[in-house]
Amino acid sequence: MKKASSNKRCALPWLVTGLLGLFTSTADAAALRVTVHRGGQFLACIPLPQPRFELSFIHSVSLTPVTDVYQLTTADNDGWTLLQTRERFIAHGQGLPSMANEPDATAFRHHDGVFELEMARPIPRLIVRTDARFRNRLHTGQQTVDLNQWPDNGLLIAPVSRCD
């Protein structure tokens, strides 16, 4: 029987520690606060079962569905950072990625008629311009929130520790 090398035995604790660090760096983010961007009127607080969410909408020019995926991470100053990690769409056009060298892109794929741009794009402030024609939705994994339930507006979506 072949004896395992000491390097392989040491790799598992490092892997587990790294994965735990990933989860603990994002686990404190428990919700998203939605306010009117201009004026700050509170609209909703949406609990997050995991530190990620998606925004889906119909693109205003191509009139095709788009889904953006975001990850919440902790910042150096104990605040929060939003990171866009993916954009899925079915047509190229004005305002949509069209090549692998998009800013912050890590991969660009096309499969089954869907384009996917993988990225690590920091989003300092997430402002969503809603319009009922474009079916703006926020998906948490457990629920879908219709962002068009409020009048068409700019919505500020910000991570918070919890809903009060």
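Colleague: Which residue in S4 is the bridge partner of Leu 55?

Modeller: This is a predicted model, in which local features need pLDDT of at least 70 and side-chain atom pairs count only at pLDDT 80 or more, while totals for chains, interfaces and linings use all residues. Residues are numbered from 1 along each chain as its sequence is written, and side-chain values use heavy atoms, with hydrogens and water left out. The strands at issue are S3 (residues 52–58) and S4 (residues 65–74), where strands are DSSP runs of E with at least two residues and helices are runs of H or I with at least four, numbered from the N terminus. Across this pair, the bridge partner of Leu 55 in S4 is Asp 68.

Colleague: How many bridges join S3 to S4, and which residue in their hairpin takes a positive phi?

Modeller: Two strands pair if DSSP finds at least two bridges between them; S3 and S4 run antiparallel and are joined by 7 bridges. Their hairpin has 6 residues between the strands, and the residue there with a positive phi, near 55 degrees, is Leu 63.

Colleague: On the other side of the comparison, which residue of S5 stands opposite Tyr 70?

Modeller: S4 and S5 run antiparallel, with 9 bridges joining them. In this pairing the residue of S5 that stands opposite Tyr 70 is Gln 84.

Colleague: Which strands stand at the edges of the open sheet, and why is one side of each left without a neighbour there?

Modeller: The open sheet is formed by 7 strands with antiparallel pairing, in the order S6-S7-S5-S4-S3-S9-S10. Each edge strand has a single partner strand, so one side of it lacks a neighbour in the sheet, and the strands in that position are S6 and S10.

Colleague: By how many degrees are neighbouring strands of this sheet turned against each other on average?

Modeller: The axes are lines fitted to C-alpha atoms, for helices over the stretch in contact, and angles run from 0 to 180 degrees between N-to-C directions. With direction ignored, the average turn between neighbouring strands of this sheet is 20 degrees.

Colleague: What residue in S9 is the bridge partner of Glu 54, and is Glu 54 buried or exposed?

Modeller: S3 and S9 run antiparallel and are joined by 3 bridges, and in S9 the bridge partner of Glu 54 is His 139. Buried means under 20% relative accessible area, exposed over 50% and partly exposed in between, for a 1.4 Å probe and protein chains only. Because its relative accessibility is 18%, Glu 54 counts as buried.

Colleague: What is the N to O distance in the salt bridge of Glu 54 and Arg 52?

Modeller: Side chains of opposite charge can pair when their charged atoms come close. A salt bridge is a side-chain nitrogen of Lys or Arg within 4 Å of a carboxyl oxygen of Asp or Glu, a rule that yields 9 salt bridges here. Arg 52 counts as partly exposed, at 29% relative accessibility, and the N to O distance between the side chains of Arg 52 and Glu 54 is 3.4 Å.

Colleague: How far apart are the closest N and O atoms of Asp 131 and Arg 133, and which residues do shared salt-bridge partners join into one network?

Modeller: Asp 131 counts as buried at 16% relative accessibility, whereas Arg 133 is exposed with a relative accessible area of 60%, and the closest N and O atoms of their salt bridge are 2.6 Å apart. Salt bridges that share partners form one network, whose members are Arg 86, Arg 109, Glu 116 and Glu 118.

Colleague: Within that network, what separates the closest N and O atoms of Arg 109 and Glu 116?

Modeller: Arg 109 is partly exposed, with a relative accessible area of 37%, while Glu 116 is buried, with a relative accessible area of 9%. In the salt bridge between Arg 109 and Glu 116, the closest N and O atoms are separated by 3.3 Å.

Colleague: Where does Thr 140 lie, and which residues is it in contact with, leaving aside its neighbours within four places in sequence?

Modeller: Thr 140 lies in the loop between strand S9 (137–139) and strand S10 (144–146), and it counts as buried because its relative accessibility is 5%. Contact means heavy atoms within 4.5 Å. With neighbours within four places in sequence left aside, the contacts of Thr 140 are Ile 46, Pro 47, Leu 48, Pro 49 and Arg 52.

Colleague: How far apart in space are Asn 101 and Leu 117, C-alpha to C-alpha?

Modeller: Asn 101 has its place in the loop between strand S5 (80–89) and strand S6 (105–111), and it counts as exposed because its relative accessibility is 60%. Asn 101 and Leu 117 are 16 residues apart in sequence, and their C-alpha to C-alpha distance is 9.9 Å.
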